[in-house]
Every structure is written in C-alpha cells, then in structure tokens.
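Biologist: Please take a close look at one helix of this assembly and explain how it sits in the structure. I would then be grateful for a connected account of the sheet, the cysteines and the relation between the copies.

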6 protein chains.
Amino acid sequence: MRPSGRAPDEMRAINIETGFTKHAEGSCLISFGDTRVLCTASVERNVPPWLRGKGEGWVTGEYSMLPRATHTRGAREAAKGKQSGRTQEIQRLIGRSLRAVVDLRKLGERQITLDCDVIQADGGTRTASITGAWIALRLAINGLIAAGDIKEDPITGQVAAISCGIFKGTPVLDLDYDEDSSADADANFVLITGGQIAEVQATAEGATYDEEGLLRLLRLARIGCDRIFTAQLDAVK
Amino acid sequence: MRPSGRAPDEMRAINIETGFTKHAEGSCLISFGDTRVLCTASVERNVPPWLRGKGEGWVTGEYSMLPRATHTRGAREAAKGKQSGRTQEIQRLIGRSLRAVVDLRKLGERQITLDCDVIQADGGTRTASITGAWIALRLAINGLIAAGDIKEDPITGQVAAISCGIFKGTPVLDLDYDEDSSADADANFVLITGGQIAEVQATAEGATYDEEGLLRLLRLARIGCDRIFTAQLDAVK
Amino acid sequence: MRPSGRAPDEMRAINIETGFTKHAEGSCLISFGDTRVLCTASVERNVPPWLRGKGEGWVTGEYSMLPRATHTRGAREAAKGKQSGRTQEIQRLIGRSLRAVVDLRKLGERQITLDCDVIQADGGTRTASITGAWIALRLAINGLIAAGDIKEDPITGQVAAISCGIFKGTPVLDLDYDEDSSADADANFVLITGGQIAEVQATAEGATYDEEGLLRLLRLARIGCDRIFTAQLDAVK
Amino acid sequence: MRPSGRAPDEMRAINIETGFTKHAEGSCLISFGDTRVLCTASVERNVPPWLRGKGEGWVTGEYSMLPRATHTRGAREAAKGKQSGRTQEIQRLIGRSLRAVVDLRKLGERQITLDCDVIQADGGTRTASITGAWIALRLAINGLIAAGDIKEDPITGQVAAISCGIFKGTPVLDLDYDEDSSADADANFVLITGGQIAEVQATAEGATYDEEGLLRLLRLARIGCDRIFTAQLDAVK
Amino acid sequence: MRPSGRAPDEMRAINIETGFTKHAEGSCLISFGDTRVLCTASVERNVPPWLRGKGEGWVTGEYSMLPRATHTRGAREAAKGKQSGRTQEIQRLIGRSLRAVVDLRKLGERQITLDCDVIQADGGTRTASITGAWIALRLAINGLIAAGDIKEDPITGQVAAISCGIFKGTPVLDLDYDEDSSADADANFVLITGGQIAEVQATAEGATYDEEGLLRLLRLARIGCDRIFTAQLDAVK
Amino acid sequence: MRPSGRAPDEMRAINIETGFTKHAEGSCLISFGDTRVLCTASVERNVPPWLRGKGEGWVTGEYSMLPRATHTRGAREAAKGKQSGRTQEIQRLIGRSLRAVVDLRKLGERQITLDCDVIQADGGTRTASITGAWIALRLAINGLIAAGDIKEDPITGQVAAISCGIFKGTPVLDLDYDEDSSADADANFVLITGGQIAEVQATAEGATYDEEGLLRLLRLARIGCDRIFTAQLDAVK
C-alpha cells in the first residue's frame with residue numbers, strides 16, 4: 001500500500017551520528033530514512049531581555065532548509081530577506097517542545113539554542129528536528145554537568161516527535177515525502193517519556209477526520225516514539 | 001473556579017453583527033465576550049500564480065491585531081517591517097480551516113481573502129477569527145450565487161473553532177485571557193458540522209497532558225462548536 | 001451638484017462613540033458619514049530616547065487602513081514589509097497636529113500614542129483621525145488627572161481637521177470619496193479653538209487654484225471645524 | 001533680526017549650473033545660499049504599470065540627502081533599509097508639483113524621473129529641489145523636442161517653490177537652517193507662473209498662526225517665486 | 001612555526017565525498033582539514049531576465065554558513081533579514097570563478113546554481129567552496145551530457161582556489177582559522193588548469209606587503225592548486 | 001587603440017577640489033576624467049560597540065552612486081531597501097584600504113566615516129573613492145591636530161588606488177567605462193607610499209590571465225599611484 005512498501009506501523013531506519021560538528025557544545029546528524037537534519041546545541045551566557053537577572057535560563061529552536069534539500073531548489077530565506085511562516089511555525093514548535101522537558105531554573109542564566117538545519121528532506125523534517133535536538137541538548141548539558149557548571153540535571157525527561165497520517169484511508173506511521181504530499185490528514189505528535197503529550201498538531205488535508213482517526217494516529221505515534229526514545233538513549237550513551 | 005465565574009463547559013456570550021462594513025462582499029463583527037474581531041471576505045478575480053488557468057479558486061486568511069487591542073500597546077507589524085511568527089501561524093490556520101469546507105473547483109477562478117482584524121482581545125482571537133470568517137465567507141458566496149456568478153454552492157459545511165484548556169487541573173471551555181495566560185494546556189479545535197475534525201492544536205504549557213486529557217478537551221470543544229454552529233446559522237439567515 | 005446632494009457648506013453626519021475599546025486609556029469610534037475611524041490613546045511611561053531625563057512628554061500618532069476599508073482590497077503594509085509614503089505622511093500630520101495643543105512639559109515624562117485605524121473609508125480619513133484622536137487624548141488625560149498622576153491639564157485647546165476642495169468649480173466642505181477622487185483641488189485644514197491654524201495642506205489636483213480659492217476653502221474649513229469643536233465637547237462630557 | 005542679516009523679504013543668492021552631469025537628459029546644480037541640490041531628469045520609455053498602453057506619460061520625483069550634507073552625519077537610508085517618512089513626503093511633493101505643469105498626454109508614453117540629491121543642506125532643500133527639478137525637466141524636454149521625439153511642448157508653465165516662515169514674530173522669506181530650526185511657523189509654497197498655486201503646506205511649529213499670517217507668508221512667497229521664475233528662464237536659455 | 005605543525009607549503013588533508021545529497025544534480029561534501037562545505041549544483045531551465053531568449057546559460061553561486069559552523073554561534077542571516085557584505089562578496093566570487101571555466105553558449109538556456117553551505121569552518125571556506133563547486137558542476141554537467149540534454153561539454157577547464165598568507169613573516173599555504181586570524185596578509189587565489197589566473201584577492205591585514213611577497217604567495221598557490229586539481233579529477237572519475 | 005586615444009600608461013586628468021562641502025571635517029570632489037566622486041570625512045566620538053573603552057579609534061567607508069551617475073538610471077538602494085553586493089564589497093574595500101595607513105591607537109576613541117558618493121561615473125569609481133577618501137581623511141585629521149584634539153599624527157602614509165586591465169590584449173592604466181566594459185581582465189590595486197601593497201583584486205572577465213600579465217598590471221599601477229600620490233599632496237597642502 002505504502003509507496004515504500006513499509007507496513008502501516010513501520011518506521012524508516014533511524015540513524016544518529018553524534019558529535020557531527022566540533023564547535024557546538026552538542027550535535028548530531030539524525031536521519032529518518034532519506035531525511036537528514038543536522039542538530040546543534042549552542043550554550044550562551046546571555047538570556048533574552050525579559051529573563052535577565054531572574055536566575056533562569058531559556059531554550060529556543062531555529063530551523064532552516066538548505067536550498068537544495070528538496071526535489072527542486074528553494075530560494076534562500078536570507079536572500080528573500082525573511083523567514084517563511086512555515087519556518088517560523090516550526091521554530092516555535094521546536095523551542096516549545098524542548099522546553100517541555102527542561103527545568104529552566106536548574107539551567108541557570110544560560111540560553112541554549114537548538115539549530116536544526118535540514119541537509120536532505122524526505123518528509124518529517126520537523127519531527128526529526130525535535131528528536132535530534134533533544135540529543136544535542138542532552139550532550140550539551142552533559143558537558144555542562146561534567147564541567148561543574150551545572151549541579152542538578154535540568155532535563156526532566158526525553159522528548160521525541162513523529163508524524164502520522166491517513167494515507168489512502170489507512171493510518172500510517174512516519175510519513176515520507178510521497179505519502180506526506182498526498183495524505184488525507186497529517187499529524188505531528190510530540191511525546192514525552194512516561195506517556196505524556198507535549199503537543200498534537202493534526203490537520204485535515206484532503207479530507208477531514210474524526211475522533212477515532214485521531215486516536216488511531218496517536219496510538220501509532222506512541223509506537224514510533226517508544227522506538228525513538230530507545231534510539232536517543234543509545235546515541236547519548 | 002474560573003476567574004469569570006463561568007461553569008467549566010460554559011462559553012462566553014457570542015455576538016455577531018453582520019454587514020459591519022459596506023465595501024466587503026461579506027463581513028461581520030464577532031464577539032466572544034470581550035474578544036471582538038472584524039472579519040471581512042473580499043472576492044477577487046485573480047488567483048495565486050500556481051492556480052492560474054486551472055479553473056479553480058483559492059481561499060486564504062490574513063490576521064492582525066490592532067495595536068491597542070491588548071492590555072498594553074503592541075508595536076505595529078507594519079512599522080516593524082515584518083509579521084511575527086504568531087501572526088503567520090494564525091493566518092495559515094485560518095486559510096486551511098476555511099478551505100476544509102470549500103470545494104475550490106465550484107468556486108471558479110476566484111480568490112476570497114478572509115481578513116480577521118482583532119479590535120479587542122480577551123483570549124481566543126484565532127478561534128473567533130475562524131468562526132467569523134466562515135460567516136463572512138458564507139455572505140460573500142451568497143452574493144455570488146444571487147448575482148448568478150456561481151451556479152453550485154461551493155461551501156460543503158460549516159466550520160467553527162474554539163479554544164479549551166486545562167485550568168488549575170480542570171478542563172474548561174472557551175478560555176479568556178486570564179485563563180489562557182495561566183493554563184497548563186491550551187488547545188484549539190477546528191470542527192466541522194457532522195462531527196469531523198479539521199484541525200487540532202494542543203500544546204502543553206505549564207504541564208504536559210495525557211490522552212484522557214486530550215479527549216476531555218475534544219468533548220468540550222464539541223459542545224462549544226455545536227453552539228457556534230447554531231449562532232452562525234442565525235447570523236447568516 | 002454634489003453626488004451626495006449636500007449643500008456646498010454641508011458636512012456629513014458626525015457620530016462619536018467614546019470608550020469603544022476597553023484596554024486603551026482613551027478611545028472613540030468616530031464617523032463622518034461612511035468614514036469610520038477607531039482612535040485610541042495609549043499612555044506609556046517611556047519617552048523617545050532624545051527626551052529621556054528632560055521631564056517632558058511626547059505625543060505621537062500612528063495610522064493604518066484595514067485592508068478592506070476601501071472599495072477594493074489593499075494589501076497589508078505588514079505583509080508588504082513597509083509603510084507607504086502616504087501612511088507615514090498622515091502619521092506625521094496626526095502627531096504634529098495634536099502636539100499643537102499639548103504642553104509637553106505639563107504632560108511629564110510620558111508618551112501618548114494616538115492610534116488611528118480606519119475601519120471604513122469614504123474620504124477624509126486623515127481629518128477624521130485627527131478629530132477623533134483629540135477625543136481619545138482628552139479622555140486619556142482626564143484619566144491621568146482623575147488618578148492624580150498629572151496636576152495641571154496639559155491640553156491647551158481643541159484641535160480639529162476637515163477637508164475642503166474645489167469640486168466642479170465650486171468650493172465644498174467635507175469631501176466624500178466620490179468628490180475627493182475627482183476634485184480640482186483638495187485641502188486639509190487643521191484648526192484650533194480660538195481661530196488659530198495648526199496646518200494647511202492645499203494641493204492642486206486637476207487644476208491649480210488661486211489665493212481667492214485658498215481663502216474660500218479656509219472659510220469653509222472654519223465653518224466645519226466650529227461644528228466639530230462642539231461635537232468633540234459633547235462627546236467628552 | 002535675521003541671523004544672516006537679510007531683510008525679511010530678501011532671498012539668498014540663487015546660483016544655477018546647468019549640465020552639471022553628462023549622462024542625464026537634463027541636469028543642474030542649484031544653490032540657494034549654502035543649500036545645494038543636484039537635480040537630474042532621466043527619460044525612460046517605460047511608464048508605471050497602471051499607465052501602460054494609454055499613450056500617456058508620467059513625471060515622478062525622488063529625493064535624498066547625502067549623509068554629510070548636514071551639520072552632523074546622518075545614516076544612509078540605503079544602509080537602514082528604508083526611506084524615512086520625511087523623504088517620502090518630499091518625494092511625493094516634488095512629483096506632484098512638477099506634474100502640475102506637464103500635460104502628460106503630450107509627453108507620450110515616457111516616464112521622467114527627477115532625482116534631487118542634496119549635496120549640502122542649509123534650509124529649504126525641498127523647495128530648491130522643486131525649483132531645480134523644473135530646470136532639469138525643461139532641459140530634458142527641450143532635448144526630446146530637438147530630437148523630434150515630441151511634437152508639442154508638454155510643459156504648460158513654470159513651477160517654483162520657496163519656504164517662508166514666522167521668525168521671532170516676523171514673516172520672512174527663504175528660511176535658512178538657523179531660522180528654520182527656531183521658526184514659529186514654517187510654510188512651503190509651490191507656485192506657478194500666472195499667479196496660480198500648486199501647493200501650500202503651512203505648519204505651526206512653536207506657535208499656531210492665523211489667516212492674516214498665512215496671507216502674509218503667501219505674499220512673501222509670490223515675491224520669491226517671481227525672482228525664481230526669472231532665474232529659471234535665464235538658466236535654461 | 002605553524003600552530004598545526006605543518007610545513008609552510010603543506011596543505012591540510014583534502015577529503016571529497018561526492019553524491020552527498022540525493023536531490024541535487026551534482027553534489028559533494030568537501031573538507032580541507034576541519035573546514036567542511038556542502039556544495040550542490042542545481043540545474044534549472046529558467047535563466048535571469050537579461051539572458052532570456054539568447055540561447056545562453058548562466059552559472060551563479062550562493063554561500064552561507066550554518067549558525068554553529070564557527071567557534072561561537074552566529075545569528076542566521078535569514079533571521080536578520082539580510083545577507084552580510086561578506087556573504088555577498090563570497091557569492092559573487094564563487095559565481096565569477098566558475099563562469100571562468102564554462103562556455104555559457106554551450107550550456108544552452110539553463111541556469112546552474114552552486115550552493116555552498118559551510119557545515120564547519122576552520123579557515124578557507126570560500127576557497128573550499130569554489131573548489132567543491134567545480135566538482136558539483138562537473139557532476140551535474142556529466143548528467144546533462146549523459147542524458148543527451150547537452151551535446152558539447154561546456155566546461156573548458158578546472159578551477160580551484162586556495163588561500164595563502166604571510167604568517168609571522170613567512171608565506172604559508174592553506175591557512176587554517178588560527179593562522180587566518182593573525183596573518184599579516186591574506187590572499188585568495190583562483191587558478192585554472194594550464195597556469196592561468198581567474199582571480200587574485202590579496203589583502204594586507206596587520207602589515208602591508210610588497211611585490212616579492214605577492215609573487216611568493218602566488219607560487220604557493222600554484223603548488224596547492226595543482227594538488228587540488230588532482231583531487232578534483234579523482235573525485236569525479 | 002584605446003577608445004580615448006590615450007597611451008597604455010596614460011592616466012586621465014586628475015582634478016581635486018578640496019573643501020567642496022562645508023559641514024564635513026574634511027571633503028573633496030575628486031575627478032578622474034569624467035568620473036567624479038564626492039568624498040567626505042566625518043569625525044564622531046562614538047566607536048563601534050566592540051571597540052568601546054579600548055582607547056582605540058575606527059575608520060570606515062561608505063559608498064553610493066547617485067541614481068543618474070550612470071548612462072542609464074539605476075534604482076536607489078534606499079528605495080529597494082538594501083545595498084547591493086557590489087556596494088557592500090566596495091565599502092569594505094574603502095574602509096580596509098584607509099585603515100592600512102592609520103594607527104588606530106593614535107586616533108583615540110573616535111570613528112571617522114569616509115563617505116564616497118559618486119556624482120558621475122565613467123569607470124574607476126572605487127579607486128577614485130579610495131584616493132579621494134585619503135584626502136578627506138588627511139584634512140579631517142589636520143583639523144583635529146590643529147585643534148589640539150590629537151597629539152601625534154595617526155596617519156602613517158598615503159594610500160591611493162587605480163584600476164588597470166588588459167584591453168584588446170594590451171595592459172592599460174586607468175580604465176574608463178568603455179574599456180572597463182570590454183576588458184579581458186580588470187584589476188584594482190591599492191598601493192601605499194614606499195612601495196607597499198595594501199590590496200590587489202585582479203579578476204579575469206573575458207579571458208583569464210597569467211603571472212606575467214599580473215605583474216605588468218602591477219607595474220602600470222605603480223606608475224599611476226606615484227602620480228596620484230603627488231596630486232594628493234598638492235591637494236592637501
């Protein structure tokens with residue numbers, strides 16, 4: 001049924017290469033099949049203005065696609081002079097998702113920026129970004145702890161994300177580009193270890209969906225995120 | 001429990017004044033309590049470049065807050081030279097939601113822009129915008145049909161939206177600003193007559209939530225949208 | 001003669017609804033016939049950099065048209081990424097006009113921003129903006145005085161504005177859109193109680209005009225502004 | 001009384017050097033005392049989109065100050081990424097003033113851009129720009145006529161501009177920077193040969209003014225513009 | 001002498017991984033030591049406006065650094081809303097250098113964009129970009145020839161680039177970041193197979209240099225580029 | 001051979017008019033034939049953020065073309081909202097070149113901005129800018145020394161720039177527009193009194209060049225700059 005021949009609840013191969021760049025405090029190149037995203041965590045001592053002097057930190061995300069990450073070349077946002085609505089939406093989602101598992105007080109007056117740059121796109125770039133960003137964050141905070149800069153671990157759990165959708169009437173897990181571009185509904189789930197939900201974004205594309213459909217997608221997402229949680233732990237060991 | 005004294009499943013008073021402006025093909029001023037949004041539908045014969053010559057139409061949304069719609073004055077996006085990520089996210093949601101109930105082929109090569117300008121904000125501006133935009137759209141298309149410009153009604157159903165959230169541990173319907181700013185989770189539901197879902201955006205703020213929480217919010221949203229569907233029908237009669 | 005059937009020195013009906021929005025320190029929805037402008041006054045404690053520490057305040061204006069205030073939809077300036085020359089010209093005029101009746105030293109180190117957002121346009125939006133802005137300002141300053149924040153009233157008089165023009169050879173008062181778009185000359189007068197002039201902007205459009213023409217327009221403007229001064233006082237009582 | 005020792009109705013020395021640059025179809029460097037503006041007229045065959053195919057031309061103006069035209073260096077608008085409100089206001093005024101003396105139908109489908117770049121500023125840069133722009137325009141159109149590109153002269157008269165103001169209670173002609181920065185009222189008049197008025201912009205600065213004041217300024221402006229009309233004719237001979 | 005312990009004419013290890021991304025018509029990840037740049041060639045059928053209908057093609061370059069390619073995080077140009085002068089300078093150099101070895105007429109009416117995105121920076125990113133861009137271009141054109149889209153090979157030679165500099169008084173080849181940031185002079189050479197020069201950019205930083213110094217740097221560059229030419233050929237075999 | 005009839009090593013007439021504007025601390029209008037650039041030096045007490053409190057100064061350059069400096073009118077960068085890559089490249093070159101002859105410590109905590117505005121262009125605008133900027137800088141610093149603001153002269157030498165190129169196979173000095181637009185190679189040399197080189201930028205346009213060609217261009221540049229050094233000294237005497 002699926003163009004890739006995968007079973008409905010079958011994910012693409014996950015591959016994680018930590019320490020992909022040497023300057024960042026934490027980094028990984030994460031792949032879900034042909035989707036590849038470079039995630040880096042940068043630790044800086046200055047927090048946004050509204051947090052200064054409060055002893056709290058901040059975690060934020062940025063996202064971009066390289067111009068030829070996609071089938072046809074897209075113009076650079078830097079050349080166009082502004083970031084698209086899609087980019088900004090994804091950036092906000094990455095930051096919010098990661099903050100859901102960080103105790104900002106324990107982080108101290110530091111900002112960690114999670115840069116997610118898509119090297120190659122084949123569907124699911126925002127969920128791969130969130131998943132990889134957690135790894136980069138974990139590595140960066142491990143470094144802060146090892147250096148004695150932070151005493152208590154500010155990370156309260158793992159966060160992972162996966163897309164699911166209704167493709168030709170069937171709920172399927174981890175959409176690739178072929179599926180994503182013709183799915184009836186497309187949902188991104190951001191889940192946390194322990195069964196909690198950080199974010200659900202479920203959008204009807206060709207057809208609307210019902211409560212039962214939403215629940216079946218959520219169950220697929222749980223299957224996917226459980227596998228991702230394991231892969232994340234393996235990667236940061 | 002609620003700052004306003006409302007019951008958990010009690011909505012604010014809905015008020016709809018159609019024909020609020022004379023130039024737009026369809027318009028209304030919609031209020032949910034103190035939240036007031038002016039929604040106008042503008043019909044134009046030119047569609048976006050990628051649709052030209054295909055005989056299909058397009059429906060899109062734009063959103064803005066007047067600078068003093070809020071407690072403290074916000075700088076104009078026109079003066080800052082760009083629209084915020086939040087504005088763009090909401091605009092995309094409005095367009096997507098309305099397109100879920102329009103058969104673009106029956107619309108013919110026309111673009112309808114739904115402008116949602118927040119006159120006064122007290123929580124739920126994006127859901128009021130979607131709800132009011134449907135009314136403006138319905139009125140504009142009624143005009144096109146009456147003028148003989150369109151033969152078959154392109155509108156396939158009603159769409160309405162409402163926010164729900166978990167406030168001090170209790171799921172509540174139709175958050176106002178006081179609740180919104182301190183809710184643990186905040187969800188926007190876009191529902192369609194007949195029980196279908198167009199969009200779910202559920203975000204953990206202070207605390208994450210679980211599947212049961214998501215379902216309880218969805219049930220509240222159904223209660224709210226059923227009331228809104230009735231109010232929409234009354235308004236366009 | 002006039003498309004509306006009005007006499008040359010006959011104004012459109014003026015309607016003023018004060019307190020139109022609840023967050024602003026002062027506000028009104030002002031109408032001159034079908035032209036409707038929402039004017040709000042926002043008081044903030046921070047003045048522009050060049051005034052800091054001088055114990056003086058500042059009054060400034062901002063202006064915008066909602067996209068469908070006009071016959072055909074105009075693109076949002078926020079979406080285009082910049083304010084038009086026309087918008088900036090009008091904003092500067094609003095600020096200058098209001099400052100003509102405010103003793104900035106008595107205002108203390110406060111900035112009052114007068115936002116004029118055109119809900120519906122039918123000619124004379126800038127003059128309606130100035131006229132309504134004075135009301136919003138008066139209400140805001142009444143509030144500051146009532147709260148004991150200001151001791152002496154910084155407002156030194158009333159300011160009002162009206163457009164006049166030479167339409168088909170005849171000087172007429174308070175141009176509506178039909179007249180404005182085909183007038184030979186178009187003039188905006190900003191007058192102050194007591195017979196003083198704050199600003200004259202008189203522009204030849206189709207034909208130039210002479211000194212006698214200018215004076216006849218000024219006399220019409222005096223008639224108009226006297227009526228407006230009365231309406232302003234009624235509104236703020 | 002005047003810082004320069006001039007009589008109230010005494011203008012600064014006018015100096016006009018035509019053909020200052022070789023590429024422009026018409027050009028001059030015009031000086032009013034220490035105010036020096038380079039005005040060029042550029043003829044192009046493409047008109048703005050809304051005029052295409054109508055057989056009519058267009059005349060437009062652009063204005064800029066070199067960064068160190070003024071006492072203290074001003075940042076470049078190109079570096080700041082946008083033109084100020086003041087610049088746009090002046091550009092619009094230049095275009096409007098010149099169009100008042102051009103029959104756009106006789107111009108044919110051509111656009112003439114009048115670039116006014118202030119080399120040195122000492123008050124009255126906008127009025128010097130309009131005055132010099134007429135000379136550049138006249139020279140450019142002389143060239144078109146000489147080349148046989150235009151049959152009938154599209155220029156219907158001369159246009160000149162001058163600033164006047166009330167300085168220490170006395171109406172004075174042709175304000176320099178010292179006067180301009182402390183005048184009670186500041187007015188710019190754009191006059192046309194034959195006694196007609198193209199534009200009046202009279203602004204109260206420190207104090208408001210009355211009808212008598214406006215008329216006295218207008219009379220000074222007539223004196224000034226009559227001298228300028230003669231200087232323009234001498235220059236283009 | 002050199003921080004890295006290299007001999008003055010010793011280059012860093014060059015590593016080239018072709019086909020690094022699957023969508024681009026040609027691509028490679030090129031490394032000079034720790035400097036890593038992803039170069040992709042994108043073939044499109046539309047040429048810039050000034051070339052349309054002339055039967056000629058165009059080759060252009062774009063350049064960007066990922067935010068954490070460097071020791072400390074740099075803000076995204078897309079977020080800042082404009083590309084820096086440095087970025088634009090490098091982009092222009094990349095395009096010019098590659099066009100030096102392409103017969104644009106043989107390319108036909110096609111544009112090839114060479115995107116050079118710096119994954120990790122350690123000095124010499126612009127020269128690595130040019131060097132890698134040639135490989136991506138070669139692979140893309142091989143594809144066009146193989147597909148029969150182009151008959152004659154439009155590539156007339158190889159182009160490579162390398163930086164040299166005077167470091168603590170000694171001319172050295174292939175500066176890394178430590179050397180680059182404290183060199184007295186810094187030169188980038190773009191050379192072509194056969195001994196020709198496409199571009200020299202030699203800049204005094206701490207101290208100026210003389211003709212002899214320039215020639216010694218050029219000789220080092222020849223040594224370096226000869227090695228690069230070999231590596232390029234190996235990579236595209 | 002040369003369109004102008006000049007010998008290969010013959011420069012155009014150099015003309016320098018110092019004190020061209022009265023507000024700048026130093027200024028000149030410099031001409032190389034028909035190329036005319038207004039150079040001004042503005043002294044300000046605030047240095048860029050990264051230098052504050054270090055007791056050092058900064059010298060920077062800005063560059064712009066008036067819209068009709070060229071054969072056909074170019075759009076204003078201020079109207080387009082950004083500076084072109086070419087403009088930024090030239091600005092950076094001007095600043096770098098002048099800093100090569102200034103001891104920033106002796107300058108004290110001051111910034112000097114060298115504005116180079118091209119009044120008329122006929123090739124070689126960037127080299128004329130650098131050459132004229134030195135004169136403006138020298139005059140400004142003379143003023144600082146005369147006023148006792150600076151004790152030791154921070155200028156360590158003269159800097160001048162000239163373009164050379166290979167035109168129809170022959171190396172020629174000081175390209176004018178006709179030559180520049182059809183030269184095979186185009187080089188800009190920035191030289192310093194005493195035989196040192198500050199910058200070489202040599203670009204192949206139609207054809208590449210070899211080492212011998214580069215050296216012949218450098219020798220021409222030495223001839224040219226020696227003449228310029230003399231002209232500079234005459235001008236500032």
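Modeller: In this predicted model, helix H2 of chain C is mostly covered, with 12 of its 15 residues buried. Among these buried residues are C:Gly85, where the helix begins, and C:Thr87, C:Gln88, C:Glu89 and C:Ile90. The buried set also includes C:Leu93, C:Ile94, C:Arg96 and C:Leu98. The length of the helix can be checked as well: at 1.5 Å a residue, the 15 residues 85-99 should span 21 Å, and the end C-alpha atoms are 21 Å apart, so the two values agree.

In chain E, helix H2 likewise covers residues 85-99. This helix lies across strands E6, E8 and E9 of chain E together with strand E9 of chain F, and runs at about 155 degrees to E9(E). On chain F, helix H4 (residues 125-146) lies across strands E6, E8 and E9 of that chain, at about 165 degrees to E6(F).

These strands belong to an open sheet of eight strands, in the order E7(E)-E6(E)-E8(E)-E9(E)-E9(F)-E8(F)-E6(F)-E7(F), with antiparallel pairing. At the edges are strand E7 (170-173) of chain E and strand E7 (170-173) of chain F, each of which pairs on one side only. Neighbouring strands are turned against each other by 20 degrees on average, direction ignored. Within chain E, strand E6 (residues 159-167) and strand E8 (residues 185-192) pair in the antiparallel sense over eight bridges. In this pairing, E:Ile166 stands opposite E:Ala185 of E8(E).

The cysteines come next. Over all chains, the structure holds zero disulfides. B:Cys116 is in no disulfide, and the nearest cysteine sulfur, that of B:Cys39, is 4.1 Å away; a disulfide would require the sulfur atoms to be within 2.5 Å. B:Cys116 is buried, with a relative accessible area of 0%. For B:Cys225, the closest cysteine sulfur is in B:Cys164 at 7.8 Å, which is too far for a bond. B:Cys225 also counts as buried, at 1% relative accessibility.

Finally, there is the relation between two of the copies. Chain E is superposed on chain A by a rotation of 180 degrees with 0.0 Å of shift along its axis, and the RMSD is 0.0 Å. The two copies are therefore related as by a two-fold rotation axis. The same surface serves both copies, for 100% of the contact residues of chain E recur in chain A.

Terms used:
Residues numbered from 1 in each chain as written. Chains lettered and ligands numbered in written order. Predicted model: local features only at pLDDT ≥ 70, side-chain atom pairs only at ≥ 80, totals over all residues. Heavy atoms only, no water. Least-squares fit on C-alpha atoms with pLDDT ≥ 70 in both. Contact = heavy atoms within 4.5 Å. Helix = DSSP H or I, 4+ residues; strand = E, 2+ residues; numbered from the N terminus. Expected span 1.5 Å × (residues − 1). Buried < 20%, exposed > 50% of the residue type's maximum accessible area, 1.4 Å probe, protein only. Pairing = 2+ DSSP bridges. Axes fitted to C-alpha atoms, helices over the stretch in contact; angles between N-to-C directions.
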